[in-house]
Amino acid sequence: MTIDIARARAETPGTRHVVHFNNAGAALPPQPVLDAVTAHLTLEATIGGYEAAEHANGRLEGVYDSVARLLACSRDEVALAENATAAWGMAFNALAALPGEGFRPGDRILTARAEYAANLIPFLQASRRTGVVVEVIPSDETGQTSVAALEATIGAPGKGPVKLIAITHIPTNGGLVNPAAAIGRVARRHGIPYLLDACQTVGQMPVDVEELGCDFLSATGRKFLRAPRGTGFLYVRKDWLDRIEPHTLDHSGGALAGPDRYTMRPDARRFELWESNTAARLGLGVAVDYALFWGLEAIRDRAFALADALRQGLDALPGVTVRDLGVERCAIVTFTVDGHEPRAIKAALRGQGINLSVSSAPSTPFDMDARGLSEVVRASPHYYNDEAEVERLLTAVKAL
């Protein structure tokens, strides 16, 4: 369907107060999400938290169905989490300790040049603890992860086995969309587990885990999906459920089968812990359904078009350099302005009611260092933004 911009903006209360180009950080939630969260919190205050959760049990179960539709997978392959870092970490830590197959000295983890620091640190932790080696897959001439280099790196003579390919689909510091599906085909062909960080992907473009070929996928709710903060989820391919065990298991993901034995849930929810934010999870489900209502293809087309218009406008301004890489570019636009620090630009435009973000080298150190960048301004439009807001942003940057 075509996005009804007037309706989308009417159902986004924040558009009446701010020009929000920080959807890659945390998007403005739509009214149905606000209603779902506040209604449940009111119910908790009225009848009690446990009682309210019991009352909402059917809708909570429906969240798994919604996420499964979003990812084109089975509900048994979905675990809800408090954030994407927790979801990613649950998968990574389980793989690191996989019985008989976990990380050992000389084994290799392959990752992308634009990998996020929150993932790089666990890689280095694992390296310190197990001796696994972390290697960066070279980028090609466009800046995206090179599939040919990946093949060559896997088959490099004299090196240990590759135990994991883990990349970020869309990095935090630009419009690059890595060739995740092509990487997935390589991983499948070589029988290597593939963990995909899809934080910036989910909610701004269609995601089909079978097409992507990933074994595990982590995502957050707060970004382009427009769900509450403190929500996320993990996809675990069904083939892995017979062989993988969470690093931390409680009586939600498992059950005592005797004084010295336990069993695990047969589905991905073995990765969940018992306590959670019920109101936020209900909001997540509503946000997923809201995105599915508009259609992820329509959302992608609209958001990408706004980003392209913004890039073209910035390119035309003297002293402005657009910093986005890749063959396919998404709804994240990064740029610098000669003589102006990115944080000063962010502050100046915030004073005019325009929300931007700044991406700094510590977030994606390999990529930013390779390009000689310390900080970039990040603008991330979404489908509920309009052309007048893009022009307002361009006018503000030009006035600098």
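1. A residue counts as buried when its relative accessible area is under 20%. Cys199 has 14% relative accessibility, so Cys199 counts as buried. That cut-off also serves for the residues discussed below. The structure is a predicted model.

2. Overall form. The protein chain has 400 residues, and a compact globule of that length would have a radius of gyration near 21 Å. The chain has 22 Å, which agrees. Along its principal axes, the C-alpha trace spans about 70 × 65 × 35 Å. The secondary structure comprises 14 helices and 15 strands.

3. Surface and interior. Of the 400 residues, 56% count as buried. The accessible surface is about 16,500 Å², and carbon and sulfur atoms hold 53% of that surface. Consider also the contacts in the chain with a separation of 6 or more: 70% of them join residues 24 or more positions apart.

4. Cores. The largest nonpolar core has 57 residues. Leu71, Ile165, Tyr194, Val202, Leu217 and Phe233 have the most contacts inside this core. Helix α10, residues 278-294, gives the most to it, with 7 residues. Another core lies apart from it and has 33 residues. Val19, Ala24, Phe304 and Val322 are among them.

5. Tyr194. This residue deserves a look of its own. Tyr194 is found in strand β6, which covers residues 194-197. Is Tyr194 buried or exposed? Its relative accessible area is 0%, so Tyr194 is buried. Leaving out residues up to four places away in sequence, Tyr194 touches Leu164, Ile165 and Ile167. Its contacts also include Ala180, Ile183, Gly184 and Ala187. Further along the sequence, Tyr194 touches Leu212, Gly213, Cys214, Asp215 and Phe216. Two of the names recur: Ile165 and Tyr194 are both listed among the residues with the most contacts inside the largest core. Asp242 gives a sense of spacing: Tyr194 and Asp242 are 48 residues apart in sequence and 17 Å apart in space, C-alpha to C-alpha.

6. Cysteines. How many disulfides are there? The count comes to 0. Cys199 is in no disulfide, and the nearest cysteine sulfur, that of Cys330, is 13 Å away. Cys214 is one of the residues that Tyr194 touches. The closest cysteine sulfur to that of Cys214 is in Cys73, at 9.2 Å, which is too far for a bond. The cut-off for a disulfide is a pair of cysteine sulfur atoms within 2.5 Å. Cys214 has 0% relative accessibility and therefore counts as buried.

7. Arg311. Where does Arg311 sit? Its place is in helix α11, residues 296-315. Arg311 is an arginine with a relative accessible area of 6%, so Arg311 is buried. Setting aside neighbours within four places in sequence, Arg311 is in contact with Gly175, Val322 and Asp324. Arg329, Cys330, Ile332 and Val333 are also in contact with Arg311. Val322 belongs to the core of 33 residues.

8. A hairpin. Strand β9 covers residues 254-258, and strand β10 covers residues 261-264. The two run antiparallel and are joined by 4 bridges. They form a hairpin with 2 residues between them. Which residue of β10 stands opposite Gly254? That residue is Met264.

How values were computed:
Residues numbered from 1 in each chain as written. Predicted model: local features only at pLDDT ≥ 70, side-chain atom pairs only at ≥ 80, totals over all residues. Heavy atoms only, no water. Core = buried A, V, L, I, M, F, W, Y, C linked by side-chain atoms within 4.5 Å. Buried < 20%, exposed > 50% of the residue type's maximum accessible area, 1.4 Å probe, protein only. Pairing = 2+ DSSP bridges. Rg over C-alpha atoms; globule rule 2.2 N^0.38 Å. Contact = heavy atoms within 4.5 Å. Areas by Shrake-Rupley, 256 points an atom, 1.4 Å probe, with all protein chains shown as cover.
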